[in-house]
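Biologist: I've just loaded this one and would like to go through it with you. Let's take it a piece at a time.

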Amino acid sequence: MSLEEYCKRHDLVEEILEKTKFLRKYVEEYLIKWSPDQGSQTWGEFIIRDPLAYIIGAICDQRIKAEVAWSIPKALHDELKKRGLEFKASVIYELGEDEIRKWLENYMKGKWGRLRKKAREEWLRDISLYIVKTCELIATKYNDNPDKLLLVSNGKLNPPLLYFVFRQLPGIGPKKASMLSRDFTWDKVLYPEGARERLQKQGVDLVVEQKYLTEIPVDVHILRVVERIFRTEIHREPGYPEPR
């Protein structure tokens with residue numbers, strides 16, 4: 001007996017639909033109300049205002065608390081400002097992995113939660129590499145302007161296209177790319193709102209069509225299970241630690 005036949009026989013279809021509607025409504029309200037500020041008054045607004053902040057926040061958002069990960073771009077901005085430097089991809093790239101790692105290690109003191117020492121070292125190694133390599137790509141390929149990532153197809157985008165736009169960035173794996181592209185299908189989500197406003201000032205209307213093509217983000221654990229079940233190997237970018 002198929003799942004559909006079982007549900008129909010036990011009158012579960014309507015119940016499942018009602019629960020699905022409830023969950024969708026809950027998620028929509030959560031996304032609209034949730035602000036990554038968590039009381040800070042500044043770094044949520046910073047993510048809207050600065051295109052690089054959203055990307056670095058997404059890179060950092062693995063294995064640590066989300067509110068810590070998304071506070072890192074604003075904290076890095078403030079640190080660079082103290083040094084008389086701009087928060088730009090080219091500046092971060094020139095600082096290099098060692099300098100970014102040292103700063104991250106200092107910033108993360110008391111913020112690790114239950115992450116063990118070995119995992120902390122891996123996070124510091126991977127994230128500093130990802131941040132610097134992503135900044136190198138943005139500085140060299142996109143003229144130091146992360147918003148230019150969205151100018152592919154002249155701003156006429158859809159979720160699959162957005163997925164591959166973000167997937168090219170070191171540190172943005174399948175799960176994160178799916179999450180970031182999905183953000184553009186929701187109303188009142190921080191970064192897409194800021195991106196639309198900035199691009200409008202440049203005469204570009206950012207339009208996301210075929211929103212129904214968004215998919216459920218799949219992390220590396222699910223990919224490993226698929227590999228074992230089907231006895232196959234999913235392609236990964238050589239030379240980099242496995243991104244989420």
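**Helices, rings and the core**

Biologist: Which residue follows α6, and what is its phi?

Modeller: Keep in mind that the model is predicted. The residue after α6 is Gly84. Its phi is positive, near 75°.

Biologist: And α6 itself, how many of its residues are buried?

Modeller: Helix α6 spans residues 72-82, and the rest of the structure largely encloses it. Among its buried residues are Ile72, Pro73, Leu76 and Leu80, but also Lys74, His77 and Glu79. They pack against α3, α4, α5, α7 and α8. Out of eleven residues, the buried count is eight.

Biologist: A lysine in that list? What does the side chain of Lys74 make a polar contact with?

Modeller: Lys74 sits in helix α6. Its relative accessibility is 15%, and the cut-off for buried is under 20%, so Lys74 counts as buried. At 2.8 Å, its side chain has a polar contact with the side chain of Asp78.

Biologist: Zooming out, how many helices and strands are there?

Modeller: Along the sequence the pattern reads α-α-α-α-α-α-α-α-β-α-α-α-β-α. Of the 244 residues, 44% count as buried. Among contacts with a separation of 6 or more, 66% link residues 24 or more positions apart. The secondary structure amounts to twelve helices and two strands.

Biologist: Which element gives the most to the largest nonpolar core?

Modeller: As a rule, nonpolar side chains in soluble globular proteins tend to be buried together. Here the largest nonpolar core has 59 residues, and Ile92, Trp123, Ile131, Leu150 and Phe166 touch the most other members. With eleven residues, the top contributor to this core is α8.

Biologist: Take Ile92 from that set. Which residues does Ile92 touch, not counting those up to four places away in sequence?

Modeller: Its partners come from several stretches of the sequence, so I'll just list them. Ile92 touches Leu52, Ile56, Leu76, Leu80, Phe87, Ile100, Ile131, Val132 and Cys135.

Biologist: Cys135 makes me wonder about bridges. How many disulfides does the structure hold?

Modeller: A disulfide is a covalent bond between the sulfur atoms of two cysteines. Cys60 is buried, with a relative accessible area of 0%, and Cys135 also counts as buried, at 0% relative accessibility. The disulfide count is zero.

Biologist: On to the aromatics. How are the rings of Trp112 and Trp123 arranged?

Modeller: There are six aromatic pairs. In this pair the ring centres are 5.4 Å apart and the planes lie at 90°; planes over 60 degrees apart take the label, so Trp112 and Trp123 are edge-to-face.

Biologist: How many residues apart in sequence are the parts that this pair ties together?

Modeller: Both Trp112 and Trp123 are buried. Trp112 belongs to the loop between α7 and α8, while Trp123 is in helix α8. The parts that the pair ties together are therefore separated in sequence by eleven residues.

Biologist: What about Phe166 and Phe184, which label does that pair get?

Modeller: Phe166 lies in helix α9 and Phe184 in the loop between α10 and α11, so the pair ties together parts 18 residues apart in sequence. Phe166 is buried at a relative accessible area of 1%, and Phe184 at 0%. With ring centres 6.1 Å apart and planes at 35°, the pair is tilted.

Biologist: Which residue has its charge over the face of Tyr107?

Modeller: Here we're looking at a charge over a ring. The distance from the ring centre is 4.1 Å, and the residue is Lys111.

Biologist: Tyr93 next: which side chain does its own side chain join in a polar contact?

Modeller: Tyr93 is in helix α7 and counts as partly exposed at 35% relative accessibility. Beyond its neighbours within four places in sequence, Tyr93 is in contact with Val132, Cys135 and Glu136. The polar contact, at 3.5 Å, is with the side chain of Glu136.

Biologist: Last one. Is Asn154 buried or exposed?

Modeller: Asn154 is not a glycine, yet its phi is positive, about 55°. Its place is in the loop between α8 and β1. At 53% relative accessibility, Asn154 counts as exposed.

How values were computed: Residues numbered from 1 in each chain as written. Predicted model: local features only at pLDDT ≥ 70, side-chain atom pairs only at ≥ 80, totals over all residues. Heavy atoms only, no water. Phe/Tyr/Trp six-rings, centres within 6.5 Å; stacked < 30°, edge-to-face > 60°. Helix = DSSP H or I, 4+ residues; strand = E, 2+ residues; numbered from the N terminus. Buried < 20%, exposed > 50% of the residue type's maximum accessible area, 1.4 Å probe, protein only. Lys NZ or Arg CZ within 6 Å of the ring centre and 35° of its normal. Contact = heavy atoms within 4.5 Å. Polar contact = N/O pair within 3.5 Å; in protein donor to acceptor, adjacent residues only side chain to side chain. Core = buried A, V, L, I, M, F, W, Y, C linked by side-chain atoms within 4.5 Å. Disulfide = S-S within 2.5 Å.
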